[in-house]
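Me: Got a minute to go through this one with me? I'd like to talk about charge pairs, a helix and the cysteines.

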Amino acid sequence: MNNKYLFHMQRLDANNSINTYDLFIATLNNREQRSWGALRKLSEVKHVHIKTLIVFDFKNEFDAVRQEYEKLEIRIDELFIVDKRNSKHDIIQDSLLSLNISKNATVGLDVTSIPTPHFFVILRVFYQYGIDPYIYYTEPQDYAFTEAISSSYCSMKGPITTKEVAGYSGVTVNQGKSNRILICILGFDDDIMPTVIDAAAPEKLVAVNGFPSYYPKYKDFSQINNIRILAGNYADRLEQGESSRRMYYVDTRNPFDAYNLMSLLDSKYNDMCIDVVPMGTKPVALGVCQYALEHDYIRVVFPFPDKYGEGVGKASKETWEFMFNRLG
Amino acid sequence: MSLEDTYRNPFSDYNANTMNIKQVVEYWENPFNTYLAEISEEDIKWSKSPIVFTGGRGSGKTHVFKYFGIDAMKQRAETNNRNIYDAVIDEKYIGIYIRFDGPQLQNMQKTKVEEEQWIIIFTHYFELVIAESFLTSVYDLLCAKSEPDRAKMNTVVQKYEELFHVEKQDTDIEKRYKNLVNTLGEDINYVAHFKSRAAFGNKDFKPREIYVPGQLSNTIIDIFNAECFPDLDINYLLLIDEYENFLDYQQTVINSYLKFYNKFAYRIGMRPYGFHSYATVSENEFIKEGRDYRECTLVTSLIGKKELGGSFFEFLKKLAEKRLRSISYFANKDLTDIKKILGNKEDYVCEAQEIVKGKKTHFDEYIKEIKKEYKKNNIEYTITDEQMKKLEDDTNPLYEVQNLHLLLKPNTYDYVLKAFNDYKNGIDSKEAQKYKNDYLNKYKLSYVFILCSIYKVKYKKYYGFTDYAFLSSGFVGTFIELCRNAFQRAYYNDSDQPFSKIISSDIQTLAAKDVANQEFKQINRISNIGDNLLVLTRNIGTQFRKRHTDKRIRYPETNQFAVKGIETREAQKYISAAIQWSVFQQKKDLQQESIGKSDVIIYTLNRVYSPIFQISVRTRGGFNESYSYDDIIKMATEDTSNIEVSEPEKTIETEDDYHQLSIEEYLSDYE
């Protein structure tokens, strides 16, 4: 039977209709206040009940925010902190797969402060279980730039290694050919994309830019910071985008628009092996993730850093709730 | 025809990964006949022994490999109206190019699968990739025999179907062949799917067949050759690129192929120090250079010096000519000599004039130093303003700096004046000869750096074919990128009549800076160690910069360093990584650390960074900075830019001292 999908996207507020979560996952810290965005909003809803809350705490920050956690007006039956003290590989998969989550469970996932490759892995687990989680994302009030220039944005520090995201290895050969195309979802970091391109060595590139930017003052940053891809020494492999531009545009806030764009590009380049590197906003990455889950020939690569940036978003704005709803 | 129709940047498409096969052939300039004379094309085609090519990003490895691949051979045959089958008979080799990408290989580890199982999986995968690539590559050969022989093709297909355990599904031979290739493709994709599943608990590896070492790779050639070239000794090359991407255990597997299996002649491309392992699957067997493989570097550190076949300069010039000729805008105007577009070499006098703009601030700065020097040597400073005026030359500030420099040494005023006047007036005296030698052969560029420092000019200019060739640091890709950037800027600067004159030195300098900054920024992102390498490079570059702004010019154009003392693993880790990623380059042979000192290994920074540190792109020899291994560790972990450069033990003074050294890259056509 073919599954059909409708999308669900709304602002999370006191009118939220979900009262009980069997499982809720978040990363909570005091570097980015918006890591608490979804839970705070849920606090405003009366009688919200979370049976199991999992906090991924890879930087061992939870103890510092425990007091704040205890102030949440949410009934939480069990709290699990997943950290690296008992360091294992595949810690995310291991911790979730050990839970034996029911297919009918109501699951919430706040991706705001969870690094993109990590939430890709989490969603892969849920996909394997047949679960469609409610996904939450809180927009930043502003972004953190260490200096007053666009190139000072830094979501990843130091050395990076480009790897396939676990569970998204795609294919090596397509219709007898191994030519690859890399879909670059542009972000603000100005020196990362070339490293990814050199590692993946695709024959062709597609540039995708989020639009509109969260704030008018940022509208050109991703283009300026990716000038090498768009007009520099990587531009010779850039594919034509929309309306004679060498770029596609995707709604920054809407994962479903990203999903649709992936569908369009998949059709256009269906004779190539397709890779995607989801820099850019989390909602866009979410749409890419969902598409890749459903089309396992899509490979997702990501620049894994030694360290993520300290906190790239400042304060909190809207919290959104998304779901890719399978009807079958 | 409009400009838009005829103009395209001739230096775009510089990455061989993205070039189409026509460009691979069209842009090919043979390095083995010029600056890489240690190996010949014939060696590459016909040697049965494995050959390892080392070179960093931009060294041309991929281009070389693709050129020797069968697709390029087909392209050449087509251009010459020849049948590919006949071309193989003439050339007596078939090259199969394979590139395994890093992200794919990185994920073939852990995820609760034991390494022993990964070895089996990877070997199986390796066999499949070789087989699939081989079948895809030779299909045209099977169809292109001068006398079509369906029976022979049928025999090949049948034998491959038996080898791969694929059922005959059609009577049509082409369809059966395609089915073979598709089946192998699906088998390869099974491994990718396994990787995805294994990370989430499903570790069952149950492919259609599991292939062991040599099972396919040893047999596919025999089957094909027996039918297509039965009486010929065709050399089958397996060109494996980016060997450094393989994990340790993966290299162990492939090393075993190099040592034990010789149906293919292996050609391996990798960065320096790309071997993570020399082991093989046999516990007591290792591969060793000389015995099991031959190594050849694709990068020369001798930019200007002529090798047996020619110099890197000549190579770049010819390569540029090919690219320019391929664009009608340049071909139609007969603008195919890159030296005519970039200029040949720098004009230091003109640069100096632009820096000083008629001012004499350099006199003030030097007089302060001269007075200090005289006081130190208990000499009374009695030079009057009028006397100083005789050392001026409004047409050439570099003469002025030379005169001041000579006074600072210290030399007497009378000596300096005589030397200057004799030189200018063409009088053949000993003083004039020394003056000429100092000016032309030793210090001229150094004076420009001094003026930049005194007048606080933000950027020294880098322009001209010679500078660009040196900035490339032996990497063809860097030269092409410099040109691409300069041409792009020149075109946008004057899109009505681009290239009607030499691209301005300002534009070329901007291009050089831009490329330098891009390359420098990428250091930070080098896997595992980038942040340390960035700090290390910055610290060493800063030390070189200080030498360049030394008014005494004790060590002109210092841009090399030695590391000596008791080696530590941590320091060596930084040095090896820096070489692997082409941040440093190691000189081929041992050289004197400095005059009168013992021979050591000498390193340079990649010259592309020169605009960042405002240092010379050439190498003058004589003095090299010297660090201990502990210094390297310190410089990789702390900012040492405030540390003063050490006082010299001896200043290089005499012409004889200089001529005793082996001065590399000394340009005979420079002056």
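**Salt bridges, a helix and cysteines**

Reply: Start with B:R484 and B:E481, whose side chains form a salt bridge with N and O 2.8 Å apart. Keep in mind that this is a predicted model.

Me: Where do B:R484 and B:E481 lie?
Reply: Both are in helix α23 of chain B, residues 476-493. They sit three residues apart, about one turn of the helix.

Me: And are B:R484 and B:E481 buried or exposed?
Reply: B:R484 is buried, and B:E481 is buried too.

Me: Which residues do shared salt-bridge partners join into one network?
Reply: A:E164, A:R180, A:D275, A:R299, B:D101 and B:K195.

Me: How many salt bridges does the structure hold over all chains?
Reply: The count is 54.

Me: Give me another one within a helix.
Reply: Try B:K368 with B:E365, where the closest N and O atoms are 3.4 Å apart. Both belong to helix α17 of chain B, residues 361-376. They are three residues apart, so about one helical turn separates them.

Me: Why does that spacing matter?
Reply: An α-helix has 3.6 residues a turn, so residues three or four places apart point the same way.

Me: Are B:K368 and B:E365 buried or exposed?
Reply: In between. B:K368 is partly exposed at 48% relative accessible area, and B:E365 is partly exposed at 23%.

Me: Now one that links distant parts of the chain.
Reply: B:R208 and B:D187 form a salt bridge at 2.7 Å, N to O. B:R208 is in the loop between α10 and α11 of chain B, while B:D187 is in helix α10, and 21 residues separate the two.

Me: What about burial there?
Reply: B:D187 is buried, with 8% relative accessible area. B:R208 is partly exposed at 36%.

Me: Stay on α10 of chain B. What span should its 26 residues have?
Reply: At 1.5 Å a residue, 38 Å is expected for residues 173-198. The end C-alpha atoms are 37 Å apart, so the two values agree.

Me: Which residue caps the N-terminal end of α10(B)?
Reply: B:D172 does. One of its side-chain oxygens lies 3.1 Å from the backbone nitrogen of B:E174.

Me: Switching to cysteines. How many disulfides over all chains?
Reply: Zero, from a search of the whole structure. Take B:C452: the nearest cysteine sulfur, from B:C350, is 13 Å away. A disulfide needs the sulfurs within 2.5 Å, so B:C452 is in none.

Me: Is B:C452 buried or exposed, and what about B:C483?
Reply: B:C452 is buried at 4% relative accessible area. B:C483 is buried as well, at 0%.

Technical notes
Residues are numbered from 1 along each chain as its sequence is written. Chains are lettered from A and ligands numbered from 1 in the order in which they are written. This is a predicted model: local features need pLDDT of at least 70, side-chain atom pairs count only at pLDDT 80 or more; totals for chains, interfaces and linings use all residues. Side-chain values use heavy atoms; hydrogens and water are left out. Buried means under 20% relative accessible area, exposed over 50%, partly exposed in between (1.4 Å probe, protein chains only). Helices (H or I, at least four residues) and strands (E, at least two) are DSSP runs, numbered from the N terminus. The expected span of a helix is 1.5 Å times one less than its number of residues. A polar contact is a pair of N or O atoms within 3.5 Å; within protein, one must be able to donate a hydrogen and the other to accept it, and residues adjacent in sequence count only if both atoms are side-chain atoms. A salt bridge is a side-chain nitrogen of Lys or Arg within 4 Å of a carboxyl oxygen of Asp or Glu.
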